[in-house]
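Colleague: I would like to go through this model with you, from the whole chain down to single residues. Please keep the answers short.

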Amino acid sequence: KKIKIIPNKLMISGPANLEVEGVPTPLFIPFAIFPLTHGQRTGLLPPTYEVSQQKGIGLVNGGYYFGLGDYADLTVRGEVYSYGSWGLTLNPRYFKRYHYSGSFMLSIDTTRFGDPETPDFTKSKDFRVMWSHSMDSKAYPGVSFSASVNAGTSTYNYYNVTDAQTRLNNILSSSIAFSKNWTGSPFNLTLSANHSQNTSTRQVNITLPQMAFNMNTIYPLQPKDFVGNPKWYQKIGVGYALSFQNAVNFADSMFMKPGFFKTFQTSIQHQVPISLTLPATRFLTISPGVSYTERWFTKEQRLTFNEKENKLDTVITPGFYTARQVTTSLSLSSAVYGMFQFNKRNKDARIQAIRHVM
């Protein structure tokens, strides 16, 4: 019956009694204060009650929401169970209209199933990382960046996920890619990182980083402004392609263990194709080409036969090693053009002729 309102700030109420369809209920409050703020607000996230046969009685999804301004926010949630299991999830999000948007999630969970005094007691420490990012191509012409990351321990889904579709999926994959094209030049660059993980076999493949730098075919002997037909040497085209890859395949139990980084396999490849197109005769075109490839490696593997033990011995030596290759090509091409005309007398026909090329 008594309310005072301070616009855009507070609404204060005196004693109140809850009624349902005009029928009073025993619910009564002596006073109430309701904030009337607008826009983003920071506050508590109430937990929910849950009973699990494996984890016990728990409070889940409780936490706190942080409003970090017009472009970002942060949600922190936690869970705790009577058998000792607990979990913490951090979920920041960011968004800028017409530029980029994304979200990040990090979950850390410690799971205890059953009574520690029983033989079926299990304990597991798991984590999951997820990140998605997208960028508006119109905001930065010539530049693109995207990310889709989904990685974690192999037992995370088994202990912490109840959704059937997610739990039965045993393949986790990630991809991060950046590319740039220089306007008005033949150069372009691509950087990427990839991850693939099988939670059943517990094998992980990581490529970090993978780079490709390319120069489209240019004609260095051709002048910018010329009149008439170009000379034969002005038709020489040169390109360039650089590829770099650093990859590793390992069991997830070996992640970040001593010697982990020595298992990476690194290779660099340079390729320079040279092309030329010349008219051999009136109807034939000849195209000779040369391609030079050079590969760089950081390890050398040598196999030697061990006569005493009747097997192959493998010796891997780190260092700088190269391999080179030159390929040549020669092609002849031609084109025969023909015209089949009909309805010569009827100029209003919808089809006058058919042109074909062989």
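Colleague: How much area does the protein chain expose, and what share of it do carbon and sulfur atoms supply?

Modeller: This is a predicted model, and the values are computed from it. The exposed area of the protein chain comes to about 25,800 Å². Of that area, the share supplied by carbon and sulfur atoms is 59%.

Colleague: What is the radius of gyration of the protein chain, set against a compact globule of 358 residues?

Modeller: The C-alpha trace spans about 105 × 90 × 40 Å along its principal axes. For a compact globule of 358 residues, the radius would be near 21 Å. The protein chain instead has 34 Å.

Colleague: What percentage of the residues in the protein chain is buried?

Modeller: The chain holds two helices and 23 strands. Buried here means under 20% relative accessible area. Among the 358 residues, the buried part is 21%.

Colleague: How far apart are the centres of the positive and negative side chains?

Modeller: The protein chain carries 35 positive side chains and 21 negative ones. The distance between the centres of the two sets is 15 Å.

Colleague: Is Lys2 buried or exposed?

Modeller: Lys2 sits in the segment before strand 1. Leaving aside neighbours within four places in sequence, Lys2 is in contact with Ile12, Ser13 and Gly14. Because its relative accessible area is 64% and the cut-off is over 50%, Lys2 counts as exposed.

Colleague: How far apart in space are Lys2 and Tyr337?

Modeller: In sequence, 335 residues separate Lys2 and Tyr337. Taken C-alpha to C-alpha, their distance in space is 94 Å.

Colleague: Which residue has a side chain in polar contact with the side chain of Thr111?

Modeller: Thr111 belongs to strand 11, which covers residues 100–113. With a relative accessible area of 2%, Thr111 is buried. Beyond four places in sequence, its contacts include Lys55, Ser85, Thr122 and Tyr159. The side-chain polar contact, at 3.5 Å, is with Asn160.

Colleague: And which side chain does a polar contact join to that of Asn157?

Modeller: Asn157 lies in helix 1, residues 156–160. Asn157 is buried, at a relative accessible area of 7%. Leaving aside neighbours within four places in sequence, Thr166, Arg167 and Asn169 are among its contacts. The polar contact of 2.8 Å joins the side chain of Asn157 to that of Arg128.

Definitions and conventions:
Residues numbered from 1 in each chain as written. Predicted model: local features only at pLDDT ≥ 70, side-chain atom pairs only at ≥ 80, totals over all residues. Heavy atoms only, no water. Helix = DSSP H or I, 4+ residues; strand = E, 2+ residues; numbered from the N terminus. Buried < 20%, exposed > 50% of the residue type's maximum accessible area, 1.4 Å probe, protein only. Polar contact = N/O pair within 3.5 Å; in protein donor to acceptor, adjacent residues only side chain to side chain. Contact = heavy atoms within 4.5 Å. Rg over C-alpha atoms; globule rule 2.2 N^0.38 Å. Areas by Shrake-Rupley, 256 points an atom, 1.4 Å probe, with all protein chains shown as cover. Lys, Arg positive; Asp, Glu negative; His and termini not counted. Charge placed at Lys NZ, Arg CZ, Asp CG, Glu CD.
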